[in-house]
Amino acid sequence: MPHLVIEYSDNLRPFPEAQVLEAVNASLTASPEILAESDLKSRFTTAERFAIGTQPAGRAFVHAQLRLLSGRTPEAKQDLAGRVGAVLREHTPRPAGVMVQLSVEIVDMDRASYVKEKL
Amino acid sequence: MPHLVIEYSDNLRPFPEAQVLEAVNASLTASPEILAESDLKSRFTTAERFAIGTQPAGRAFVHAQLRLLSGRTPEAKQDLAGRVGAVLREHTPRPAGVMVQLSVEIVDMDRASYVKEKL
Amino acid sequence: MPHLVIEYSDNLRPFPEAQVLEAVNASLTASPEILAESDLKSRFTTAERFAIGTQPAGRAFVHAQLRLLSGRTPEAKQDLAGRVGAVLREHTPRPAGVMVQLSVEIVDMDRASYVKEKL
């Protein structure tokens, strides 16, 4: 059931998306929190029209959002966020003169109303 | 006020988007939870760069997120998620050899800080 | 750390994105809630396949989502939402014969599991 969405500002292109998808899915599905590897649905999106703060300086961001059914412990969430962060830390481009901000967010999805099935 | 975002992996193209928008908006606005039909804002987005799990097998997903002002009962949320699920179950393509995962998520939006108006 | 995502239906094109980004970032970073201007990451996205309600009448929407680390007071959230709303109210196009709905949503991000760093 986990959904992972990784977004980056397009001044980080070329971004090694395929490598990141492989690495992050391997790392997350190795966690005991994710019972079936096929449950993890990861994707990329790119921000093409953005502004970071109010200064014209070179700035970029990569932000990942991992959505999980509610009920995980705080420790489990921290571990999962750390796994995503580690992969992004390793693979995110760092263009010269550009400040790159990395963030990872864990989101609880309401378990009681969640619909899930295989078609 | 409800916002519905339906996302699917692009190996489900062609996806009958117009049909789904018509059917899902009809079903949701028929619920007593949605007071004015014009409040429901539904849209599609497509995931073009994605990975599901760690196996190369053919896999696809469709995921819907319905964002509502907080305060609905659990039963109301389940009913609304079920309406979205039913439409997607009927219309989502099922390519041969592809495992398709369907999910629907209800999100509470903070009512106290929500801004809403007609321009 | 704040993330701002502004989405609009594409029947509002041309949308003055650059002006809005400049104005909204100036307004939000002037709030005491946002400690460093460079923390604010704002971007646009456009809905190209959408339906609002069930009538064919001309309708459009602009919706902003501001994601903040949890812990703000309700008053602070209302103020921040109001800042975004004011900028959008001023700059959103109002095509003749089109009903335009404006909304702003504040989202709490789980502070305990949030990962944030500069690369």
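**A tour of the chains and their salt bridges**

Start with chains A and B: a turn of 120° with a shift of 0.0 Å along the axis lays chain A on chain B with an RMSD of 0.0 Å (least-squares superposition on the C-alpha atoms of residues with pLDDT of at least 70 in both copies). The two copies are thus related as by a three-fold rotation axis. They use different surfaces, as 4% of the contact residues of chain A recur in chain B (contact means heavy atoms within 4.5 Å).

A note before you click on: this is a predicted model, in which local features need pLDDT of at least 70 and side-chain atom pairs count only at pLDDT 80 or more, while totals for chains, interfaces and linings use all residues. Residues are numbered from 1 along each chain as its sequence is written, chains are lettered from A in the order in which they are written, and side-chain values use heavy atoms, without hydrogens and water.

Next, select Arg59(A) and Glu37(C), a salt bridge with its closest N and O atoms 2.7 Å apart (a side-chain nitrogen of Lys or Arg within 4 Å of a carboxyl oxygen of Asp or Glu). Arg59(A) lies in strand E4 of chain A and Glu37(C) in a loop of chain C, so the pair joins two chains (strands are DSSP E runs of at least two residues, helices H or I runs of at least four, numbered from the N terminus).

Arg59(A) is buried at 11% relative accessibility, and Glu37(C) is partly exposed at 22% (buried is under 20% relative accessible area, exposed over 50%, partly exposed in between, with a 1.4 Å probe and protein chains only).

Now show Arg67(C) and Glu105(A), a salt bridge of 2.5 Å, N to O. Both Arg67(C) and Glu105(A) are buried.
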